[in-house]
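Grab a pencil and have the fold open beside you. Here are two short exercises on how helices pack.

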Amino acid sequence: MSSPNINDSPAIKDYSVLEIIGTGSYSIVYRARHKQTKDRIVAIKTVQRKTLSSSSKENLLVEIQLLKRLNHKYIVNMFDFVYDEQNVFIIMEYCEGGNLSLYIRKHKTLPEKTCKFFLGQLAEAVQYMHSQNVSHFDLKPQNLLLTYCPNLTLKVADFGFAQYLDMGESNSTLKGSPLYMAPEILLDRCYDQSADLWSIGVILYECLFGSAPYSSKSIEELMDKIQKKKKIEIPKTKTITSTCEDLLARLLVHDPKQRISFTNFFEHEFLNLRYKDNDEKLKRAVDMFRQAVEEDSKLNYSIALQWYSKGLQEFLQIIFNEPNSKRKAALRERANVYLQRAEEIKDYCSQSTSVEQTKPVAGSTQSSETAGQSVQRDSDNKKPLTAFTYIKLHQMCTSSQSLLSALEIGRQGELYAFEKNYRLALENLTGSLSILIPLIQQEPPGTRREMLHAMTNKWMREAEQLKAHIEKEESENASEMPSHHACCVQ
């Protein structure tokens, strides 16, 4: 293909071509602007139909099918594809940061932390592709695009050699770029999904040391190194961690049967994908618990219970996957708090159902003695008063706005305590008690007064416990503070 010229660019419906940003063996990639929206910038891969061989046509069809199907934050997104008599146009998201090859060339070598950052994103994309039985077979820095919107992000592109390949299924077609191609592709012409793992190893090596392990002056020199299975040495010019070196060594194994497996790659300590997956699950669980607390505060107990249950299901997986024993214990403690609240609501729901089933016939009333005995059992019980008690008391206080407000403030304090927001919990409970205690003195004898008294005693105990906890926490924090003699860096 002769050097492309922007003046020769084809007319693409709805888009204005701005510049050429890349070329391939049978394609040109343009940066273009949507004519109507104007601010929408895209990348358009243009392929001349007459230049396509039968195998190239097949590759192009597979690429379009895959890009339509694959949807992942670290894979370039395809918006649409159109064609006319001369060309096929694949319209994709534009990555303004160039590619990883240019990034490495600019920085010479990358710090291990940066390599870990990029490799983690690449691994997540490959993990997703692996779950879809998709192999890329042309992973190299030139095909890893970068964008800075909103943050620096790597995206896998160019699926021209990709294909569906089930686990254990092999291929014999020559695919990829020799410098990043797994040895078994060139030597045996028989390979499987693990060929991508070798390419990932070469990419990591190049990020760390500035060039690929088999960098050569000619294709003959490269083939000679591959045929002799020349041992790949880790340069002594740069110090890397043992976990990084271990992954590198296990990826760059000539024999695909001895190479690291996908499962072990995704679970490797250097990548921390399990931690990342746990963090995302934790965010989901926290959102579920936040929704549960909101419904709880609105007295929508059945909905709150559903959210608590969903959140606890996520938490169980997080706890199971968490390798750090201290963090696991903290997560388990937190889960127990939500579990206790869920059980409390469950208890209320079952009791309210029971009350509905045993509701007295019209005209009869529950004796104050029976109600009083129920309240006494609650007040004598060392366990917290149930949500059932609170809701019944709330219903009994509808005639007094002051009592209702005090109860709702106190209940919000309990919910803050469940969220481990101890200072706000104490503030709400003490505020509630300051309203309730004077009102109880004016309350006439009866069931409502007894229930208010029991609730007040409960919240007083909780307030004392919260106060002690906060004071202990402040004392521990103070002991960890450096003395006034400590040196300061100016």
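Below are the ground rules, then two exercises with worked solutions.

This is a predicted model, where local features need pLDDT of at least 70, side-chain atom pairs count only at pLDDT 80 or more, and totals for chains, interfaces and linings use all residues. Residues are numbered from 1 along each chain as its sequence is written, and side-chain values use heavy atoms, leaving out hydrogens and water.

**Exercise 1.** Work out how helix 14 and helix 15 are oriented to each other.

Step 1: find the helices, which are DSSP runs (H or I, at least four residues) numbered from the N terminus. Helix 14 covers residues 401-418 and helix 15 residues 422-442.

Step 2: take the axes, lines fitted to C-alpha atoms over the stretch in contact, with angles from 0 to 180 degrees between N-to-C directions. These two come within 7 Å and cross at roughly 155°.

Step 3: the pair is therefore roughly antiparallel (over 145 degrees).

Step 4: look at the contact (heavy atoms within 4.5 Å). Leu403, Leu407 and Tyr416 are among the helix 14 residues that meet helix 15, whose side includes Leu429, Ile435 and Leu439.

**Exercise 2.** Do the same for helix 5 and helix 7: which orientation word fits?

Step 1: helix 5 is residues 195-209 and helix 7 is residues 242-251. Their axes come within 8 Å and cross at roughly 135°.

Step 2: helix 5 and helix 7 are therefore oblique (the angles left over once those under 35, over 145 and 65 to 115 degrees are taken out).

Step 3: the contact includes Trp198 and Phe209 of helix 5, plus Cys244 and Leu251 of helix 7.
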